[in-house]
Amino acid sequence: MPAVSLRLDPTVTAPGRRAGHLADEFDAIRSELGIEDGFPEDVLAETDAGIKAGPSIPATVDLREVPFLSIDPPGSMDLDQALALSRRSGPGGGFVVRYAIADVASFVRPGGAIDIEARRRVVTVYLPDRRAPLHPPALSEGAASLLPGQERQALVWTIELDAAGAPTSVRLERATVRSRARFTYEQVQRQLDAGSAEEPITLLQEIGLLREAAEVARGGVSLPLPDQQVVEIDGRYRLQFRAPLRTEGWNAQLSLLAGLAAARLMLDHGVGLLRTLPPPNDATVAALRHAARALGVPWPGDGAAPYPEFIRSLDPTVPAHAALVSRAARLFRGAGYLAFGDRAPVPDGDAAVHAAVAAPYAHVTAPLRRLVDRFGNEVVLAQCSGTAVPAWAMEALPELPALMDRGRHRENAANGMSLDLVEAAVLGGCVGAEVDGVVMSTGKGNASVQVREPAVVASIDGDDLTAGDEVRLRVAGADVAKRKVLFEVIAT
């Protein structure tokens, strides 16, 4: 659902810009940020040789008879995860979650050409016209991808849950698997809504709801902000706000379950790499409380409830609530990675916790698209088997936080620049048009305003605006080359 109910003036159309017309501008963004989607010859040669030779680390378990399936966006080929969910027999019931993760390490020689290139790229970067993958497509979309009907080597998390969804046992092992089917999130949501879904799809909902309840109980929180997306339809780019489907949230809970288990194992064994986020300071929470009072939005518990409960009470379809959700994003700044073990001390207290998750957490479920996961999984594999962490993984831990920060910065810059570019292109034919917007946040001399049609988040000048205000704007200019749109406030 959209964050706010706003429309472009019906007398004006925003035709968009043909995809081909923006190719040079997207290339300019890649060039400016040093993003390459092609690979050097030595990387391709090593990839081909590795695929021909097969996995370099043998599987220890054969799970080809387990009915894994994957749930991904339409058209995805780099499938990091597949799941198999079942009920646990015996007293008390419960569930068994098997979560298969692409076994990238079995195809990447430590210190080799693929490894060096992956450390340079850090993450897969998505631009609207194409993506710059972390690994060569022959690997990420082929030999290592958990495609249906293909025998693959994978890292399989087996997590047993009690009837309330709490973990009772955890293990990770290298296994041979074969995914039976792939679904999109929309397909799964339709089946569940229609009541036609079978296990394990119904178990995804059942377990997902239990894990969401566990998140609430431990004080975790997710911001209900729709994503601003660039989509290509019939050769034209469009901007839209898209809220995640419930099925996406439930699948994310399984990924989170593995990440929580990985972090616990790392801390128990004194070696690992956590994804961390500091708790918000008192001043930031107080500012959110002040904004809520100013907008007339009640804080649960007569103001005594913790901020996660307040955020969960917000309805982003209500303008004042949407403004507060936007402001709440300030609570979750400063995310990073923390390596420990060898000479680095094991963290404790807030230093080990991801504040939004409200627990220690590690990235381990997306190794095809994120560098750090390959190393985190090898650490946990060693811990589960009682063996030493491979030297190549241990040696990399101290440098990974800086590498990931650099890669994330480049990824965020590419996303922001792409959105700015497409906003300018879409609004290029709308100069003079009037639109309605809602002020999401204010700063020194400017404000951020969200428009629904087209789905634009704009920065405007002004000291007399308040978060939650509904405003009338005129499109004053749109410069594709500068990736900039100018708005004028007509009325508040």
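**Entry 1: the buried side of α5**

I count a residue as buried when its relative accessible area is under 20% and as exposed when it is over 50%. This is a predicted model, and I keep that in mind on every page.

I began with helix α5, residues 185-194, and asked which of its residues are buried. I found Y185, V188, Q189 and L192. Looking down the axis of α5, I saw these buried residues fall within an arc of 100 degrees, so they line one face of the helix. I then turned to the face that points away from the buried side, and there I noted the exposed residues R190 and A194.

What covers the buried residues of α5? My list includes the strands β2 (68-72) and β8 (167-184), together with the helices α6 (201-218) and α7 (246-269).

Just after α5 comes G195, and I wrote down its positive phi, near 75 degrees. Further along, I looked at the loop between α5 and α6, where P200 lies. The peptide bond joining E199 and P200 is cis, with omega at about 10 degrees. I made a note beside it that most peptide bonds are trans.

**Entry 2: helix α2, looked up in the same way**

Next I went to α2, which has 13 residues, 41-53. From its first C-alpha to its last it reaches 18 Å, close to the 18 Å expected at 1.5 Å a residue.

I looked up the buried residues here too, and they are V43, E46, T47 and G50. They cover an arc of only 105 degrees around the axis, which puts them on the same side of α2. They pack against α3 (113-121) and α4 (137-143). The face of α2 turned away from that buried side carries the exposed residues E41 and K52.

A glycine follows this helix: G54 has a positive phi, near 90 degrees.

**Entry 3: aromatic rings**

How many aromatic pairs does a search of the whole structure find? I got 3. I looked closely at one of them, W299 with F310. A pair of aromatic rings is described by the distance of the centres and the angle of the planes. For W299 and F310 the centres are 4.0 Å apart and the planes are at 0 degrees, so I call the pair stacked.

Where do the two residues sit? W299 lies in the loop between α8 (282-295) and α9 (307-312), while F310 is in helix α9, so the pair ties together parts that are 11 residues apart in sequence. I checked whether W299 is buried or exposed. W299 is buried, with a relative accessible area of 10%, and F310 is buried too, at 0%.

I also looked for charged side chains over rings. R289 lies over the face of W299, at 4.1 Å from the ring centre. In another spot, R121 lies over the face of F39, at 3.7 Å from the ring centre.

**Entry 4: strands side by side**

I followed β3, residues 81-87, and found it mostly covered, with 5 of its 7 residues buried. Its antiparallel partner is β4 (residues 95-102), and 7 bridges join the two. To find my place on screen, I used S86, which stands opposite V96 in β4.

Then I moved to β13 (residues 434-442) and β14 (residues 446-451), which run antiparallel and are joined by 4 bridges. The bridge partner of V438 is Q450 in β14. These two strands form a hairpin with 3 residues between them. In the turn I found G445, with a positive phi of about 80 degrees.

β14 also pairs with β15 (residues 456-461), in the antiparallel sense over 6 bridges. Here I used S448 as my marker, and its bridge partner in β15 is S459.

**Entry 5: positive phi without glycine**

Most residues other than glycine have a negative phi, so I was curious about exceptions. A358 has a positive phi of about 65 degrees although it is not a glycine. I found A358 in the loop between β12 (336-340) and α11 (371-385), and at 23% relative accessibility it counts as partly exposed.

R483 is not a glycine either, and its phi is positive at about 55 degrees. I located R483 in the loop between β16 (470-479) and β17 (484-491).

**Entry 6: one distance to finish**

My last stop was N281, in the loop between β11 (272-276) and α8. N281 is partly exposed, with a relative accessible area of 46%. N281 and W157 are 124 residues apart along the chain, and their C-alpha atoms are separated by 35 Å.

Conventions. Residues numbered from 1 in each chain as written. Predicted model: local features only at pLDDT ≥ 70, side-chain atom pairs only at ≥ 80, totals over all residues. Heavy atoms only, no water. Phe/Tyr/Trp six-rings, centres within 6.5 Å; stacked < 30°, edge-to-face > 60°. Buried < 20%, exposed > 50% of the residue type's maximum accessible area, 1.4 Å probe, protein only. Lys NZ or Arg CZ within 6 Å of the ring centre and 35° of its normal. Expected span 1.5 Å × (residues − 1). Arc of directions from axis to C-beta. Contact = heavy atoms within 4.5 Å. Pairing = 2+ DSSP bridges.
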